[in-house]
Amino acid sequence: MFWLIEKEEHLDYLKQKPIQEAFVEIIPYHDNIHPALNDVSLVYIRPFNDTKGYMLCVDHSETTSLNKTIIGGILQSIERVWVRDKKQALYYFPLKCLCDLSQLTPPYIQEAPKVFNHFYYKYPEFTKVNKLIPVSKHYERCEYIYEHVRSVIPQELPAWFDFYNNKVVLAFFGIEKNGININKYEFDKHYELNHEFYSIQSNRIYSSYNLATTTRRPSNSFNGVNFAALNKDNGARRSFISSHGFVEFDISAYHPHLAARLVSMDFGEQDVHQTFADLYGTSYKEAKELTFKQLYGGVFKEYAHLEFFQKVKEFIAINWETFNNSGEVIIPISGYCLKKSQLDNMNPQKLFNYMLQNVESAVNTYILMDIHRLLTGKQTKIVLYTYDSFLFELGKDEKDIEIEIKKIFKKYKLSVKTSYGNTYDFNQE
């Protein structure tokens, strides 16, 4: 069987071949355009029980075209389809069988060969450059990628893999695909993109959550914009607009709450920062600063006698001992494993901070899944997430939806503060 498949009758080999597991590389029209604005040019399939991969042609200048739906049917029949980035792959093939290699710390893949750079340099404004690059060059690169990632796929998946592959990926895909409306005039005052067509269409911009960070706390930067750190003070947030208004939910004292859960304490309905202000004998603002300094930098001697910090210190010591003796520590909720062999320059406080960030992201994943279920079939969309805040673009006549959203946070025993505005610059309102 030849490696190039461009006619439907040639697909019979793959349809009839029993494939339980395969690696798939989806080649879009353009490597740098957001997948929400992109589509498929070629699909490389490498069954694990075969000696070579196959290139299926959807839309390329050198070949005839296969129906993408038929290719999706073939992929769906495979028990496990490994892709380098499941969140990206979902835009093209929303299949349950997709498995995310990025969660398994795959090896570094060298930049594309010079021939790829030649075409991208020659056609900087063309949105379908990959259609012009010879199919044989795409195939060679895919074979190279497969050889480098195959060894990462274990015989037995780690216990935490299902949580990240089937919950975290879907939770953040559910935000990312919505994009966020912009006022282009205001936006251009504050942001300089690599190329506008990479992430903007019809005055809607798309972000990209990186889920494979060290602690699995997502970052969010794409095409020159760091969506996780949008400036609150220079008017840049005025760039983001909503026809029917935004509502943002900020979780109050989130990390102190999460730390309390880790050490089996419950603040109940109390205002955590006021509780600490009373214990410290300081103002509310000072108490907030003191608590965060101690959570991230270590407990101060003058407050080490407080029950909360005694338990935090004990928790840190126990996990540091486990980390050193066992070479790993398992984090509650996600079950994610931090391995000593994969981390440099660790210390007890840093390990605790890593665990806290992971727990935050795990709890937020469950919150997001509940939010997606609530918003199914509604016009209101969640359009941005930044750790302890969730931004919603309200749908027409759906202002009451915020009551239902608040119930979700209450389910997880979290207090929230709300902000409203027609732009994301709530200071302006």
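## F23 and its aromatic partner

F23 counts as buried in this predicted model, because its relative accessibility is 0%. Y146 is buried as well, with a relative accessible area of 5%, and under 20% is the range that counts as buried.

A pair of aromatic rings is described by the distance of the centres and the angle of the planes. By the pairing rule, the count in this structure comes to 41 aromatic pairs. F23 and Y146 form one of these pairs, which is tilted, with 6.0 Å from centre to centre and 45° between the planes. F23 belongs to strand β2, residues 21-28, while Y146 belongs to helix α5, residues 135-149, so the pair ties together parts that are 123 residues apart in sequence.

## Y385, Y387 and an aromatic cluster

The rings of Y385 and Y387 have centres 6.2 Å apart and planes at 80°, and the pair is therefore edge-to-face, since planes over 60 degrees apart fall into that class. Both of these residues, Y385 and Y387, are buried.

Y385 and Y387 also belong to one aromatic cluster, which they form together with F172, Y209, F249, F390, F392 and F409.

## Charged ends over rings

Arginine side chains also meet aromatic rings in this model, as two cases show. The charged end of R217 sits over the ring of Y387, at 3.8 Å from the ring centre, and Y387 is the residue already described as buried and as part of the aromatic cluster. In the other case, the charged end of R150 is placed over the ring of F48, with 4.0 Å to the centre of that ring.

Terms used. Residues numbered from 1 in each chain as written. Predicted model: local features only at pLDDT ≥ 70, side-chain atom pairs only at ≥ 80, totals over all residues. Heavy atoms only, no water. Phe/Tyr/Trp six-rings, centres within 6.5 Å; stacked < 30°, edge-to-face > 60°. Helix = DSSP H or I, 4+ residues; strand = E, 2+ residues; numbered from the N terminus. Buried < 20%, exposed > 50% of the residue type's maximum accessible area, 1.4 Å probe, protein only. Lys NZ or Arg CZ within 6 Å of the ring centre and 35° of its normal.
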